[in-house]
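Visitor: Please take me through a close look at one part of this model, starting at the very beginning of the chain. After that, I'd like to follow you outward to whatever else is worth seeing.

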Amino acid sequence: MDRANHSFRLTDEMAGSRIYRLLQSAETVCFVGDSLTEGTMNGGVPWYEPIHPWIRGKIFNISQGGLTAKSLSAYFLPSIASTEAELFVIAIGANDILFRDPLFCAMTSADYINYLKKLRDAVCARRPDAKFVFIAPWLATDGDASLIGGEKPPNTDEMYRDYTSALEAWCGVTGDAFIDANGYIARHFETSLPNHYLVDFIHPNAGNGVALYAEAVLACDAETL
């Protein structure tokens, strides 16, 4: 596992992005998410590790491999709401789209937003001045052994667009930061072998992978300004 290359060049545009400014100003930051935030498959390295040098405050991490928006709302709301953080960076939803089990997945984009709204409301009830960054569900590629037949379910790309559009529209209403890093990441996948960035076709490795994902979040937020 290569952890030597887990950095990237911070451009002036990235330094001017909303998420960068929020990370710089917050005394405490809570990252919330699934296996990519936990670093489940790459030795415990979360996607945001390369951003550490530019985070001024204390960091909390509330994440779990396999987590969905529905299970997050069902089991993690108290711990998230009680976290003494000023800024919450939330990246969830890929497992809802990929596994399609109504027992633990948000089966529609409307349900997805409702679960995120519960999370946001729970935090704001305790800390009305909390700030949020919502990251669109991380992309998946064919070949992940955890998927049936090693392929994405039918209509996955359409669902990604639906959930991502719903998240963007909702953030437009709440005024929260919204970032879709998937196009940036996908363009890099087109020019390199998958194992240059990925552990298993869905999780970034601890070197080039997390560097790419962190760079993509800052770069794509900068592009929206």
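**Around Met-14 and beyond**

Guide: Happily! The backbone nitrogen of Met-14 sits 3.0 Å from a polar atom in the side chain of Thr-11. This is a polar contact, meaning a pair of N or O atoms within 3.5 Å, where within protein one must be able to donate a hydrogen and the other to accept it, and residues adjacent in sequence count only if both atoms are side-chain atoms. Before going on, please keep in mind that this is a predicted model, in which local features need pLDDT of at least 70 and side-chain atom pairs count only at pLDDT 80 or more, while totals for chains, interfaces and linings use all residues. Residues are numbered from 1 along each chain as its sequence is written, and side-chain values use heavy atoms, with hydrogens and water left out.

Thr-11 belongs to the segment before α1; helices (H or I, at least four residues) and strands (E, at least two) are DSSP runs numbered from the N terminus. With a relative accessible area of 16%, Thr-11 is buried, where buried means under 20%, exposed over 50% and partly exposed in between, using a 1.4 Å probe and protein chains only.

Met-14 takes part in a second contact through its backbone oxygen, which lies 2.7 Å from a polar atom of the Ser-17 side chain. You will find Ser-17 in the loop between α1 (12–15) and α2 (18–25). Because its relative accessibility is 0%, Ser-17 counts as buried. From Ser-17 the view reaches far along the chain: Cys-220 is 203 residues away in sequence, yet the two C-alpha atoms are 8.7 Å apart in space. Ala-81 in helix α5 (residues 77–81) offers another such pairing, with Cys-124 lying 43 residues away in sequence and 8.0 Å away, C-alpha to C-alpha. Ala-81 counts as buried too, because its relative accessibility is 14%.

Now for the charged side chains. The model holds six salt bridges, each a side-chain nitrogen of Lys or Arg within 4 Å of a carboxyl oxygen of Asp or Glu. In one of them, Lys-117 meets Asp-121 with the closest N and O atoms 2.9 Å apart. Both residues lie in helix α7 (residues 109–126), four residues apart, or about one turn of the helix. Lys-117 is partly exposed at 40% relative accessibility, and Asp-121 is partly exposed at 38%.

Arg-120 pairs with Asp-176, the closest N and O atoms being 2.6 Å apart. Since Arg-120 is in helix α7 and Asp-176 in the loop between α8 (156–174) and β5 (177–179), this pair ties together parts that are 56 residues apart in sequence. Both partners count as buried, Asp-176 at 9% relative accessibility and Arg-120 at 17%.

Arg-127 bridges to Asp-129 with 3.2 Å between the closest N and O atoms, and Arg-127 is partly exposed at 24%. Shared partners join Glu-86, Arg-127 and Asp-129 into one network of salt bridges.

The aromatic rings make 11 pairs. Among them, Phe-132 and Phe-134 are stacked, with 6.0 Å between centres and 10 degrees between planes; rings of Phe, Tyr and Trp (its six-membered ring) pair if their centres lie within 6.5 Å, and planes under 30 degrees apart count as stacked, over 60 as edge-to-face and the rest as tilted. Phe-132 and Phe-134 are both buried. Elsewhere, Phe-31, Trp-47, Tyr-48, Trp-138 and Tyr-213 form one aromatic cluster.

For a backbone detail, turn to Arg-100, in the loop between α6 (94–99) and α7. Its phi is near 50 degrees, a positive value in a residue other than glycine. Most residues other than glycine have a negative phi. Arg-100 is partly exposed at 23%.

Last comes the empty space. The whole structure has one cavity of 30 Å³ or more; on a 1 Å grid over the protein atoms alone, a cavity is a set of points where a 1.4 Å probe fits but cannot get out, and lining residues have an atom within 4 Å of a point. The largest cavity holds about 40 Å³. Its lining consists of Ser-35, Leu-36, Gly-39, Thr-40, Met-41, Asn-42, Val-45, His-203 and Pro-204. That lining divides into four nonpolar, five polar and no charged residues, with Gly counted as polar.

Note on methods: 1 Å grid on protein atoms, 1.4 Å probe; cavity = no way out; pocket = protein on both sides within 12 Å on 5 of 7 lines; lining within 4 Å. Points joined across faces, edges and corners; volume = space filled by probe spheres on them.
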